[in-house]
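Work through the exercises below with the sequence and the structure at hand. Try each task before reading its solution.

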Amino acid sequence: KAGSISSAPQKTSLGQIFEMAANAVSALAEAQKIRIHKDRVDVEITADTNRLVQVLVNLLSNAIKFSPPNSKIQLYAKVKENTVEVSVEDTGRGVPKEHQQLVFERFHQVFPGDSKEKGGTGLGLAICKAIVEAHGGSIGVESEPPNGSRFWFVLPK
């Protein structure tokens with residue numbers, strides 16, 4: 001249907017997806033003096049590798065944009081019986097409660113000045129949500145401003 005995201009799922013390694021996404025944002029992270037700490041993850045999932053890399057690049061880029069210099073971003077996965085939960089955790093300013101449901105809507109900016117100052121269209125998280133949902137998963141955020149955020153998504157294995 002129109003506006004839907006095409007994906008080509010196949011057996012893929014989540015560890016490799018972590019690697020590709022972290023490499024894609026490494027220059028951005030270094031410029032901000034931010035370390036990305038990624039867990040070693042050894043799990044196979046059925047997914048579209050490029051699409052999931054796109055989701056993680058988006059979540060990591062956001063985390064980098066909103067994190068203070070010299071801080072650390074954590075990328076990790078919790079493997080359950082038939083799902084895997086992937087998290088990107090930062091120590092940025094966080095997402096206020098009243099915005100936590102809205103951040104995945106198209107063009108929603110939590111702080112109106114961000115699009116100019118931080119760059120971005122306000123489409124990133126909406127695209128992440130569409131990709132994750134196309135994989136039969138769900139996405140969300142936990143945040144207690146000003147103590148950072150944890151963006152997570154759960155996918156069926």
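**Exercise 1.** Find the loop that holds Pro146, and describe the peptide bond that joins Pro145 and Pro146.

Solution. In this predicted model, begin with the position along the chain: Pro146 belongs to the loop between strand 6 and strand 7. Next, look at the bond that joins Pro145 and Pro146, which is a cis peptide bond with an omega of about 0 degrees.

**Exercise 2.** Locate Lys33 and state the sign of its phi.

Solution. Start from helix 2 (26-31) and follow the chain towards strand 2, since Lys33 is found in the loop between these two elements. Then turn to the backbone, where Lys33 has a positive phi of about 55 degrees, although this residue is not a glycine.

**Exercise 3.** Work out the order of the strands in the open sheet, and say which strands lie at its edges.

Solution. The open sheet has five strands in the order 2-4-5-7-6, and their pairing is mixed. The edges are formed by strand 2 (35-38) and strand 6 (138-143), each of which pairs on one side only. From one strand to the next, the twist averages 15 degrees.

As a further step, take strand 4 (residues 72-79) and strand 5 (residues 83-89), which pair in the antiparallel sense over six bridges. Within this pairing, Lys78 stands opposite Glu85 in strand 5.

Finally, add helix 3 (residues 49-66), which packs on the sheet and touches strand 2, strand 4, strand 5 and strand 7 (149-156). The direction of helix 3 makes about 170 degrees with that of strand 7.

**Exercise 4.** Describe the second largest pocket by its volume and its lining.

Solution. The space in this pocket comes to about 240 Å³. Of the 11 residues that line the pocket, the closest to its centre are Phe104, Arg106, Ala126, Ile127 and Ala130. Sorted by kind, the lining of the second largest pocket has six nonpolar residues, one polar and four charged.

**Exercise 5.** Decide which element of the chain has the lowest mean pLDDT and which the highest.

Solution. Consider the whole chain before its parts: the average pLDDT is 90, and 92% of the residues score at least 70. Among the elements, helix 4 (residues 114-118) has the lowest mean, 65, whereas strand 5 has the highest, 98. Where pLDDT is low, the predicted coordinates should not be read in detail.

Terms used. Residues are numbered from 1 along each chain as its sequence is written. This is a predicted model: local features need pLDDT of at least 70, side-chain atom pairs count only at pLDDT 80 or more; totals for chains, interfaces and linings use all residues. Side-chain values use heavy atoms; hydrogens and water are left out. Two strands pair if DSSP finds at least two bridges between them. Helices (H or I, at least four residues) and strands (E, at least two) are DSSP runs, numbered from the N terminus. Axes are lines fitted to C-alpha atoms, for helices over the stretch in contact, and angles run from 0 to 180 degrees between N-to-C directions. Contact means heavy atoms within 4.5 Å. On a 1 Å grid over the protein atoms alone, a cavity is a set of points where a 1.4 Å probe fits but cannot get out, and a pocket is an open set with protein on both sides within 12 Å along at least five of seven lines; lining residues have an atom within 4 Å of a point. Grid points are joined across faces, edges and corners, and a volume is the space filled by probe spheres set on the points. Ala, Val, Leu, Ile, Met, Phe, Trp, Tyr, Cys and Pro count as nonpolar, Asp, Glu, Lys and Arg as charged, and the others, Gly among them, as polar. pLDDT is the predictor's confidence in each residue, from 0 to 100.
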